[in-house]
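Subject: A structure for you to look at

Hi,

Here is the structure I promised to pass on. Have a look at it first, and then read my notes on its salt bridges below.

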Amino acid sequence: MDVQTFLQQYGFLVWIVILVGSFWLLFIRPQQQRARRHQDLVKSLKSGDDVVTIGGMYGKIKSVSDEKVNLTIAKGVDVEMSKTAIARKLSKSKQQ
């Protein structure tokens, strides 16, 4: 079977495989990587970390439990929130 005969018989299937592969590479894989990085971030949270929430609040983690964190957002103002609401940690160099 030559290439032209193969493409005539299975061309549609080849295009479906290419389309599914492209969709996976462009959309599904990057989303899985972002989710994995966020899970790693949530697991690494500890008391004293400076963080930013998904709502844009900056604060310092006062305490961490299984699903919640206590975040100090101002002197004497502590907020309890879900660990998954933390968007990112601030590095020490960005704080100064």
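Which residues are linked in a network of salt bridges? They are Lys-46, Asp-49 and Lys-89. Keep in mind that this is a predicted model. In total, the structure holds 4 salt bridges.

Let's start inside that network. Lys-46 pairs with Asp-49, and their closest N and O atoms sit 3.3 Å apart. The two partners come from different accessibility classes: Lys-46 has 48% relative accessibility, so it counts as partly exposed, while Asp-49 is at 11%, which makes it buried because the cut-off is under 20%.

Next, try finding Asp-78 and Lys-62. They form a salt bridge too, with the closest N and O atoms 2.7 Å apart. This pair links distant parts of the chain: Asp-78 is in strand E4 (residues 77–82) and Lys-62 is in strand E2 (residues 58–64), 16 residues apart. Asp-78 is partly exposed, with a relative accessible area of 38%, and Lys-62 is also partly exposed, at 48%.

Strand E4 has another residue to look at, Glu-80. Its side chain meets that of Lys-68 in a salt bridge, at 3.8 Å from N to O. Here again distant parts of the chain are linked, since Lys-68 belongs to strand E3 (residues 68–74) and the two residues are 12 apart. Is Glu-80 buried or exposed? Glu-80 has a relative accessible area of 53%, so it counts as exposed, the cut-off being over 50%. Lys-68, at 42%, is partly exposed.

Cheers

Methods:
Residues numbered from 1 in each chain as written. Predicted model: local features only at pLDDT ≥ 70, side-chain atom pairs only at ≥ 80, totals over all residues. Heavy atoms only, no water. Buried < 20%, exposed > 50% of the residue type's maximum accessible area, 1.4 Å probe, protein only. Helix = DSSP H or I, 4+ residues; strand = E, 2+ residues; numbered from the N terminus.
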